[in-house]
Amino acid sequence: MGHVLIALAVALAAGGISASLIPQLTALAHRLGLVQYPRERDVHQKPVPRIAGLGIFIGFVVALAVSFWLPVDRFPIEVERILLLLIGATLVVGVMLWDDLVGISPFPKLLWQLVAAAIVIVPRLRGPDHGLVIEQFNSPFGGVVHLPLVAAILFTFFWILGMMNTLNWIDGLDGLAGSVTLIACGVLFIHTFFRPAGNPQFTISLLPLALGAAVLGFLPFNWHPARIIMGDSGAMFLGFTLAVISIIGGAKIATALLTLWVPILDVAWLILYRLVNGRSPARADRGHLHHRLLDLGWSQQQIVFFIAAISAILGATSLLLPWPQLKLAALVLAGVIGVVLLSVLARRTGQELKRAAD
């Protein structure tokens, strides 16, 4: 069975399971009253179920099971890493689903995120053939940077928690988090599936493929006006899984950073903006890029297409640029443009709100 047929089977399994489960979860949520009522910062005008993350997760898990049933040869270290990924992801979905339904305060949520990250990181202490940490990466100035184990562990914790919260924080418009994740999965799939023959990563490519297909099965039900949203269980799961996938077969940090640069920059800017204005970084508001564009009159579809298009362009850039120096330059240029744009939007929306108050 060829690689293309295996990839197609995995994608169909993930997308098919996800697409078939989402309507059932929607009906179940309405029947049991498991819906989110509109809050001040929300864009929804009516109660919406927020348990779609469970359907995405199940689609991803079933697709991985199918890949193990098919003739796919994996190294033992890869099997262990996938198992750790699944254990950590299961914990994330379970805890955050409870948060979606009942509610968990911010500090315990952060502790559970640390536990999930520790599941994939701590086994590294048994030896280099166990666990998963970012111990080395290509320097944009040439050569490979090797991190001491302690620094590598801390950096990996930061990477996983950062990705989890980034995807969760941008999940504020119908289809936004799912679209950005789908693009990131597509870029990571291309980056690993089409590796040179001397350095194949076909088995690794099945991970972003399964995740992206599961998200694709969910998106038609989440497009504006959404019939269901993924909730924290879905957004945190996507962030955790993307973070682990990007390093499970060798660090793809630059690729992931460039593709997800818009939401990452938005979160970093918002944290700084809240601190400068004397607010808690953890206190939710309507300061995100998508909220500011919405307040300026953009439609939800326009905002999602805009952010997704930039993510796709940056993702393609990460694949096409041949040298790390060019990728770094692209990252810096995108950062400068992003900061200028966010500054202008913050000033304009602030002026609009002031005029409305007057």
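**Figure 1. A nonpolar surface patch that includes residues of helix α13.** In this predicted model, Phe 141, Leu 328, Val 332, Val 336, Val 340 and Val 344 together make a nonpolar patch of about 550 Å² on the surface. One of these residues, Val 332, is placed in helix α13, which covers residues 324-357. Val 332 has a relative accessible area of 48% and is therefore classed as partly exposed, since the exposed class begins over 50%.

**Figure 2. The largest nonpolar core and the surroundings of two residues, Phe 240 and Thr 241.** The largest nonpolar core of the model holds 101 residues, and those with the most contacts inside it are Trp 159, Ile 160, Phe 237, Phe 240 and Leu 242. Helix α7, residues 202-222, gives the most to this core, contributing 13 residues. As a general background to such a view, nonpolar side chains tend to be buried together in soluble globular proteins. When neighbours within four places in sequence are left aside, Phe 240 is in contact with Leu 85, Gly 88, Ala 89, Val 92, Ala 116, Ala 117, Val 120, Ile 160 and Met 164. Thr 241 lies in helix α8, which runs over residues 231-248, and its relative accessible area of 0% means that Thr 241 counts as buried. Not counting residues up to four places away in sequence, Thr 241 touches Phe 60, Leu 85, Ala 89 and Leu 211.

**Figure 3. Aromatic pairs, with an edge-to-face example and a stacked example.** Across the whole structure, a search finds seven aromatic pairs. In one of them, the ring centres of Phe 57 and Phe 237 are 5.5 Å apart and the ring planes stand at 90 degrees, so this pair is edge-to-face. The pair links distant parts of the chain, with Phe 57 in helix α2 (residues 52-69) and Phe 237 in helix α8, 180 residues apart. Phe 57 and Phe 237 are both buried. The pair formed by Phe 189 and Phe 193 is stacked, with 5.0 Å from centre to centre and 25 degrees between the planes. Phe 189 and Phe 193 both belong to helix α6 (residues 176-193), where they are four residues apart, about one turn of the helix. Phe 189 has a relative accessible area of 17% and is classed as buried because this value is under 20%. Ring pairs join Phe 189, Phe 193, Phe 194 and Phe 202 into a cluster.

**Figure 4. Salt bridges, including a network that contains Lys 109.** The count for the model comes to six salt bridges. In general terms, side chains of opposite charge can pair when their charged atoms come close. Among the six is the bridge in which the side chains of Arg 74 and Glu 78 meet, at 3.3 Å from N to O, and both Arg 74 and Glu 78 are buried. The side chains of Lys 109 and Asp 99 also meet in a salt bridge, at 3.1 Å from N to O. This pair links distant parts of the chain, with Lys 109 in helix α4 (residues 106-121) and Asp 99 in helix α3 (residues 76-101), 10 residues apart. Both Lys 109 and Asp 99 are buried. Lys 109 forms a salt bridge with Asp 232 as well, the closest N and O atoms being 2.7 Å apart. Here too the pair links distant parts of the chain, with Asp 232 in helix α8 and Lys 109 in helix α4, 123 residues apart, and both Asp 232 and Lys 109 are buried. Salt bridges that share partners join Arg 50, Asp 99, Asp 100, Lys 109 and Asp 232 into one network.

**Figure 5. Two exposed residues, Met 1 and Val 102.** Met 1 is placed in the segment before helix α1, which covers residues 3-32, and its relative accessibility of 55% is the reason why Met 1 counts as exposed. Not counting residues up to four places away in sequence, Met 1 touches Ile 6, Leu 70 and Pro 71. Met 1 and Val 72, which are 71 residues apart in sequence, are 9.2 Å apart in space, taken from C-alpha to C-alpha. Val 102 lies in the loop between α3 and α4, and with a relative accessibility of 53% Val 102 counts as exposed. Val 102 and Leu 32 are 70 residues apart in sequence and 13 Å apart in space, again taken from C-alpha to C-alpha.

Note on methods: Residues numbered from 1 in each chain as written. Predicted model: local features only at pLDDT ≥ 70, side-chain atom pairs only at ≥ 80, totals over all residues. Heavy atoms only, no water. Buried < 20%, exposed > 50% of the residue type's maximum accessible area, 1.4 Å probe, protein only. Contact = heavy atoms within 4.5 Å. Core = buried A, V, L, I, M, F, W, Y, C linked by side-chain atoms within 4.5 Å. Patch = residues over 30% accessible without salt bridge, like charges linked within 9 Å, V, L, I, M, F, W, Y side chains within 5 Å. Areas by Shrake-Rupley, 256 points an atom, 1.4 Å probe, with all protein chains shown as cover. Salt bridge = Lys/Arg side-chain N within 4 Å of Asp/Glu carboxyl O. Phe/Tyr/Trp six-rings, centres within 6.5 Å; stacked < 30°, edge-to-face > 60°.
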